[in-house]
Amino acid sequence: MRFAWISAVAMMAALATTSQAAPVAVTVQADKPGVRIDRHIFGQFAEHLGTGIYDGIWVGPDSKIPNTRGIRNDVVTALKAIHVPDVRWPGGCYADDYHWRKAIGPRDKRPTTVNYLWGRVAESNQFGTHEYMDFIDQIGSEAYVSGNVGTGTPQEMSDWLEYMTADPKISSLAQERAANGHPAPFKVPFFGVGNESWGCGGSMTPEHYADMYRTYATFARNYDNAQQLPNGDYDPNGMKRISSGPNVDDYHWTKVMMQASKAQIFSWTIDGLSLHFYSGFDNWPPSNSAETFGEDAYAHVIHSALKMDELVTRHSAIMDTYDPQKRVMLVVDEWGAWYLPAPGSNPRFLQQQNSQRDAVLAAVTLNIFTRHADRVRMANIAQMINVLQSMILTQGDKMVLTPTYYLFKLYVPFQDAEVLPVTYDAGTYSHDGVILPRLDVIAARGKDGKTWVSLTNIDPKQPLDIDLSVLGLKATHATGQTLAAPKIDSLNDFAHPDVIKPSPVEAKAAGGKLMLTLKPESATVVELD
Ligand code: AHR
């Protein structure tokens, strides 16, 4: 048995260096920059769920784990490196159970409440508004706060925003904020009005939610950004209000909310419509293991993730009929793979491992968002730490960076870059009746003025030779990083944290083209010079 295993590894390594198929021609049009890829499509989501906040971010100022004002230093350093544009918080489903007042003021006076949905466990409220704002400040990110529609009132929502954003000179709520340590208003550029209001957020029909939205959004005011316009009105775009949107393919929900967005008569807007879609399973509940699987499960999981393209296309088409100017953003503020819970973990903690397959899944999903960058201007992977498809796993004082983390790191140059046209024949990879594109490529002109190309080889067994041609730019070099793995289900764990890490890659120039070989099941990002 041992001999057979070694042979299989040796065979995979040999295959990884030589491709039997003809090279695939990829052409990048470097002088035709198009739509901007909003950096917010690389957003994160951190909910009070399992160990996502407590242990994952918050250890408290008295912890032996190195921290700054209670927030883990190792996690902050890691997140800074991937330039997290925004963090959605406090939920998720938890947002519609969240009462902000319980988590402000001296921490030793805060009440303990029950996190009913996520395991009926004690919520200490040690991580509240101020701790969240400190955290996003430490990692250099922006706030995306989710308001409570399900169990909250318009007044509670309005008061929270006044507390966070008003001037202490004119607001006693703001004076309370100042007394709690933050005289300057917090910045709240994004605000969600409820979460999954069709389900855990209140089991509403879209018609009922649309009416609720109008009321709540009318009172969801940002006091800091409300600059007066020349006509005397206040700028409604000072803060983007994001409505609860469809569950997966509920196109009726999208239609009703877009109709509502047209009916605006007073000071409320729908600036974003949220879409939630989880992959990794063919039927609910999820039954795939995150950490031990073969090629069948690999192919089915990647296939499930590619459904994102159909969803974004069809929801966007409905939005186009009501909003051809594309004012309203499609905000995919929950996406990622959802597998069986990690063995031995509390199933309500949604804790799971993260493998090279998830890096490929993240690459193909982010590529879909960039192809729809005119409408998808924000997305938040679920979730940032220790929950579902996370960037980081923690255990006591240990921290592991996942393949998904490294994929996000490779994609940093695509933040706020402009899409470049790219043509290629993707070919196919098929297994167990599942047919997938073999290759997935995007290109963009970065904010740095450089030309960046991402190439994902979806085939988990065969390497892929690429002949890259660049039009509109004399490119003689392509250098970058590739993320590949020794086995189809390789992952990083606490005992082996460095199994998967980006490694340098360089293309060879020949005959006016750049040639490189993509390893099986890999994602590669190169910069062209
Ligand atoms: O991300 C986990 C949960 O999935 C979120 O709380 C909820 O919005 C969704 O159903």
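Start with the open sheet: select β16, β20, β21, β27, β23 and β24, and you have six strands in that order with antiparallel pairing. Two strands pair here if DSSP finds at least two bridges between them, while helices (H or I, at least four residues) and strands (E, at least two) are DSSP runs, numbered from the N terminus. At the edges sit β16 (418-420) and β24 (503-506), each pairing on one side only. On average, neighbouring strands of this sheet are turned by 30 degrees against each other, direction ignored. For angles like this one, axes are lines fitted to C-alpha atoms, for helices over the stretch in contact, and the values run from 0 to 180 degrees between N-to-C directions.

Before you go on: this is a predicted model, in which local features need pLDDT of at least 70 and side-chain atom pairs count only at pLDDT 80 or more, while totals for chains, interfaces and linings use all residues. Residues are numbered from 1 along each chain as its sequence is written, and side-chain values use heavy atoms, with hydrogens and water left out.

**Along the sheet**

Pick out β16 and β20 next. Three bridges join them, antiparallel, and the bridge partner of Val419 in β20 is Ala444. Then add β21: seven bridges tie β20 to β21, again antiparallel, and Asp440 stands opposite Thr456 in β21. Follow the chain round from β20 to β21 and you trace a hairpin with five residues between the strands, where Gly449 in the turn has a positive phi of about 80 degrees.

Is β20 largely enclosed or open? Six of its seven residues are buried, so β20 is largely enclosed by the rest of the structure. Buried means under 20% relative accessible area, exposed over 50%, and partly exposed in between (1.4 Å probe, protein chains only).

Now move to β23 (residues 478-483) and β27 (residues 522-528), an antiparallel pair joined by six bridges. Gln481 stands opposite Val525 in β27.

**The helices on the sheet**

Show α10 over the strands. This helix packs on the sheet, touching β16, β20 (439-445), β21 (451-457), β23 and β27, and its direction makes about 55 degrees with that of β20. Contact means heavy atoms within 4.5 Å. Helix α11 (residues 403-410) packs on the sheet too, touching β23 and β27, at about 165 degrees to the direction of β23.

While you are here, find Lys519 in the loop between β26 (513-518) and β27. Lys519 is partly exposed, with a relative accessible area of 35%. Try a distance from Lys519 to Ala484: they are 35 residues apart in sequence but 6.6 Å apart in space, C-alpha to C-alpha.

**Across to the barrel**

Keep α10 selected, because 15 of its 16 residues are buried and it is largely enclosed by the rest of the structure. From first C-alpha to last it reaches 23 Å, close to the 22 Å expected at 1.5 Å a residue; the expected span is 1.5 Å times one less than the number of residues.

What else does α10 lie across? Helix α10 (residues 356-371) lies across β11 (272-279), β12 and β13, running at about 170 degrees to β12. Those strands lead you into the barrel, where eight strands close in the order β2-β5-β8-β9-β10-β11-β12-β13 with parallel pairing. The twist averages 25 degrees from one strand to the next. Zoom in on β12 (residues 329-337) and β13 (residues 376-382), which pair in the parallel sense over four bridges, with Trp335 standing opposite Ile381 in β13.

Select α6 (residues 206-219) next: 14 residues, reaching 20 Å from first C-alpha to last. Its buried residues, among them Tyr209, Tyr213 and Tyr216, pack against α4 (154-165), β9 (190-193), β10 (240-243) and α7 (251-262).

**Last stop: the rings**

A search of the whole structure finds 21 aromatic pairs. Rings of Phe, Tyr and Trp (its six-membered ring) pair if their centres lie within 6.5 Å; planes under 30 degrees apart count as stacked, over 60 as edge-to-face and the rest as tilted. Trp89 and Tyr98 are an edge-to-face pair, 5.6 Å centre to centre with 70 degrees between the planes. Trp89 is buried at 0% relative accessible area, and Tyr98 is buried at 2%. Widen the selection to Trp58, Trp89, Tyr94, Tyr98, Phe127, Tyr132 and Trp160 for one aromatic cluster.
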